[in-house]
Amino acid sequence: MSDNVEVKTLIIDEQEVSARRGQTILQVARENDINIPTLCHLEGLSNIGACRLCLVEIKGSNKLLPACVATVYEGMEVTTNSERLQQHRKTILELLFAERNHICAVCVSNGHCELQTMAQDQGLTHVRLPYRNPQLNVDASHERFTVDHNRCILCTRCVRACAEIEGAHIWDVMGRGINSMIITDLHQDWGSSACTRCGKCVQVCPTGALFDKSKIGSDHPKYPDFLPYLNLMREAQ
Amino acid sequence: MSAFTPPPLPSDDKRWKIVNGTMRKNGFARHALIETLHTVQSSFGYLDDDAITFVARSLRVPLSQAYGVVTFYHYFSLKPPGKHTLTVCAGTACYIKGADKLIATAEKRLGIPQGQTTSDGKISLMVARCVGACSRAPVALSDGEVAGEMTGEQMLEQLERWAVE
Amino acid sequence: MTIEELEQIAQSVSQENAKFDFEVNVCMDLACASQGAEKLRDALVKSAEAQGKNVLIRRTGCMGPCSSGPLVRVDPDDVLYKRVKSDNAEAIVSSLGGEPVPELQCDLSDHFDKQVRVVLENAGHIDPEKIDDYIAHDGYKALLTALTEMTPNGVVHRITESGLRGRGGGGYPTGLKWGTVAKAGGDMKYVVCNGDEGDPGAFMDRSVMEGDPHRVIEGMALAAYAVGASKGFIYVRAEYPVAVARLTTGIREARRRGLLGTGICGTTFSFDIEIRLGAGAFVCGEETALLASIEGKRGTPKPRPPYPAVSGLFGKPTLINNVETYANIAPIVRNGGKWFANMGSDRSKGTKVFALTGKITHTGLVEVPMGIKLREIIEVIGGGVPDGHTLKAVQTGGPSGGCIPAEMLDLGVSYDALMKVGSIMGSGGMIVMDDTSCMVNVARFFIEFCMTESCGKCIPCRAGTAQMHTLLTRICEGRGTMEELDLLVDLCGTIKETSLCGLGQTAPNPVLSTLKYFKNEYIEHIVNKRCPAGVCNIEAAVPAVPTEVLA
């Protein structure tokens, strides 16, 4: 275990911090109340480094690294909020908003949406890119939940929660590129899939793509904080 | 943990035995998914829901994951191919030498967009990324047979021959 | 199999060949095969029988100048015939021992003289389906010598000394990569060959796999010995059925000869190879995506580190090189690292095979020393642009590369020089464009390719390439604005810096390089609503329809 307690000292945003070997930049930053924006990352799920919002600068390297997967090393100097990073984050958010149909005013998650909050935090005031306005389905075949593909940002939290925590793996991604889409089983109605109705996917969804039918028209906050607890309990078995 | 029993073959069609053979050769390991899907496609010409379900259940791969794999790779087809297939190469060398015009001509003649099959099931029109015959661009394949320096006329002649069959 | 046995095989092959008075080699590579090379071979066999001549007629891999095909070479006279039809078979056979057939003779001395053949040394000389042919050309000598006389470290050292860099496009030093995998711990390691030649307009790897499969197998076996791996995978595009067949035969023959399997050459070294088929995804050329695909999954890349050299296939240390890199290994081990390092330029050693295509007189495969001027490749080896047109640009590096303008033809071809001008070496596609090509349209073609091939995992590549495609389409249709052009440049910057893998990080290159050298063409489209090359149909442009997304 001596490897795990080995202490590294590094600098994040001019602040000297200490970390354990094997920790990610994101973990260390959050322990020290340094905010790095994330969307696809969720405590308790595996990290995929896909949303690119947590990219940070490392001194001595021109390459930006995803803080959710990059591990710390002794003497590392990390910048999490340079002008360059802010510009990229804004453009990435623009790309997300223009990709599908994110109309906050009529969205069930309005006021509780991580994408919406992120845009406010990052100071995104308008989208320069042309909206793609794709025609996408809303699948309400499930007795309790609905999937609205118009709001999906393909973070795959639902896929990972279902596969890694619930163990059912009814969600996955089909197609590729701009045509990628989350599906249940053989691209069939959610209601006819082998869904266990546990609702974890809904709780981890950062936007209004997955929602509880009974909450339509009312406040729809989500509570994904149960994941680390479940992992801990599972390890204890 | 109970021992895993693979599902029965979907029918007594002998081709399922070939599919099963690929999986057995790989010890029914999950990583044999793509290999097995290749065998299904070369045996049946395409992959339908029954085939994907059979393979997924046999290899203990979640259905959604198997479907995700099938739709990720352009080589796999969910629909049966036409009796004949015209494939126009759209690699860079072919594009520079007018492959886009060939594709447009074929689409117009057949009345279908690329990637589709005519309603009578006779001809499929496909576009390839690059078949590696760049030195004879533009290239088209008639039922897999490579023909280089393809002209619109030659291509239409081939389509006519198939159409009157 | 021992070195003595290997030499015996080589001897018996040359004795067998000596029984024939002449050798007639027929190129069977795709370009020649698609013009009736098989029928031609049959006709040659018939004519030889009819005329009672003692001729060895051999099927070979690519001879190089595909545009002159079908090609036939007669040995020992070393006479090359071009555009040979089955009707010419009789004349060719009759001429054996006398004067060559003048009207078929192919004088391409300019084309060949500037070339140096290492990777393609056997191309056109051996029957790819016969392992003994390969053995007769020093095949497997390097492997057996290494196994009996060199340590694994010695092999790594020799590769390092050669200065070989990855031929798949990145140009990472091969010896360094091998050293990392060799040092990685663990009882199981893998060696993987990337034969998923995805760059449109490149076919070097196909030709090598089809024309000289044992060269790839031997290279992989040497790598396995050097890094301590016992299992190999060759990942080949399903679109290359002939390559798959040749490699399958090759692996079977190598096993039969005891060159693959357990206890090779009486040593403790064991190694075997399996073939895995790609299924049409360009992104699988990226290392981590390729490994995911071998594992039967969606070919989506993973963030690195961890690098495959540490945690790769099935979580084990894995060495990945491409076909051409492996094809260089046996000659380096045989002739020494210094021999290889003596060829090429400062930081780019050895030779590089290019697939020369597009608007050029002699299309085909060429192998040149690194550092050679682009002008020599285009004007001398390639014979220049045909039909009285003028050269506009040379595209290298496929969808990750860029367009080099005609003014820069005196550039020496090396990894660094190409990078400096905004392109990359890439895997070796070299597409020549003349004044009839519209550079905006070409940029749009590549972005469309990247958009279709994006795996969709990370947002900058997934939606960014789609947005670039929309903006470029608007420009091509004469509907773009100067503000949109600025937006396009801005987008390029974000996609380049924030995409997860090489596909996204390099996707903007074709746009950036055409903007750098051909900005006036963009401006003509935007301001004057005119396509200088006459390619884009601006008048006929229809109002924008939102791009349909799969529902």
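**Exercise 1. Describe the side of chain B that touches chain A.**

Step 1. Take the contact count, where two residues are in contact if their C-beta atoms, placed from the backbone, lie within 7 Å. By this criterion 11 residues of chain B are in contact with 13 residues of chain A.

Step 2. Assign these residues to elements; helices (H or I, at least four residues) and strands (E, at least two) are DSSP runs, numbered from the N terminus. On the side of chain B that touches chain A, α3 (49-59) and α4 (63-72) of chain B each supply at least two residues. The largest share, 7 residues, comes from α4(B).

Step 3. Sort by class: Ala, Val, Leu, Ile, Met, Phe, Trp, Tyr, Cys and Pro count as nonpolar, Asp, Glu, Lys and Arg as charged, and the others, Gly among them, as polar. The side of chain B that touches chain A then has 5 nonpolar, 5 polar and 1 charged residues.

Basis for all exercises: this is a predicted model, in which local features need pLDDT of at least 70, side-chain atom pairs count only at pLDDT 80 or more, and totals for chains, interfaces and linings use all residues. Residues are numbered from 1 along each chain as its sequence is written, while chains are lettered from A and ligands numbered from 1 in the order in which they are written.

**Exercise 2. Set out the architecture of chain B.**

Step 1. Chain B has 7 helices and 4 strands. From the N terminus on, their order is α-α-α-α-β-α-α-β-β-β-α.

Step 2. An automatic or database domain assignment, the origin of the bounds, gives domain 1 (15-72) and domain 2 (84-163) in chain B. The C-alpha centres of domain 1 and domain 2 of chain B are 29 Å apart.

Step 3. Along its principal axes, the C-alpha trace of chain B spans about 65 × 30 × 25 Å.

Step 4. A residue is buried if 20 or more other C-beta atoms lie within 10 Å of its own, exposed if 12 or fewer, and partly exposed in between; the C-beta atoms are placed from the backbone. Of the 165 residues in chain B, 47% are buried.

**Exercise 3. Place Phe211(A) in its surroundings.**

Step 1. Phe211(A) belongs to strand β10 (residues 210-212) of chain A.

Step 2. Is Phe211(A) buried or exposed? Phe211(A) counts as buried because it has 21 C-beta neighbours inside 10 Å.

Step 3. Leaving out residues up to four places away in sequence, Phe211(A) touches Val108(A), Ser109(A), Phe145(A), Thr146(A), Val202(A) and His220(A).

Step 4. Gly199(A) is 12 residues from Phe211(A) along the chain, with a C-alpha separation of 9.1 Å.

**Exercise 4. Assess chain C and its side towards chain B.**

Step 1. Begin with pLDDT, the predictor's confidence in each residue, from 0 to 100. Chain C averages 94, and 98% of the residues score at least 70. Over residues 544-551 of chain C the pLDDT is below 50, and this stretch has 14 contacts in the model beyond near neighbours in sequence. Where pLDDT is low, predicted coordinates should not be read in detail. The model as a whole scores ipTM 0.95 and pTM 0.94.

Step 2. Chain C has 23 helices and 13 strands. Its radius of gyration, taken over C-alpha atoms, is 24 Å, close to the 24 Å from the globule rule for 551 residues, so chain C is as compact as a globular protein of that length. The rule is 2.2 Å times the number of residues to the power 0.38.

Step 3. In chain C, 36 residues are in contact with 31 residues of chain B. To this side of chain C, α2 (30-33), β9 (351-358) and β13 (429-434) each supply at least two residues. By class, the side has 15 nonpolar, 14 polar and 7 charged residues.
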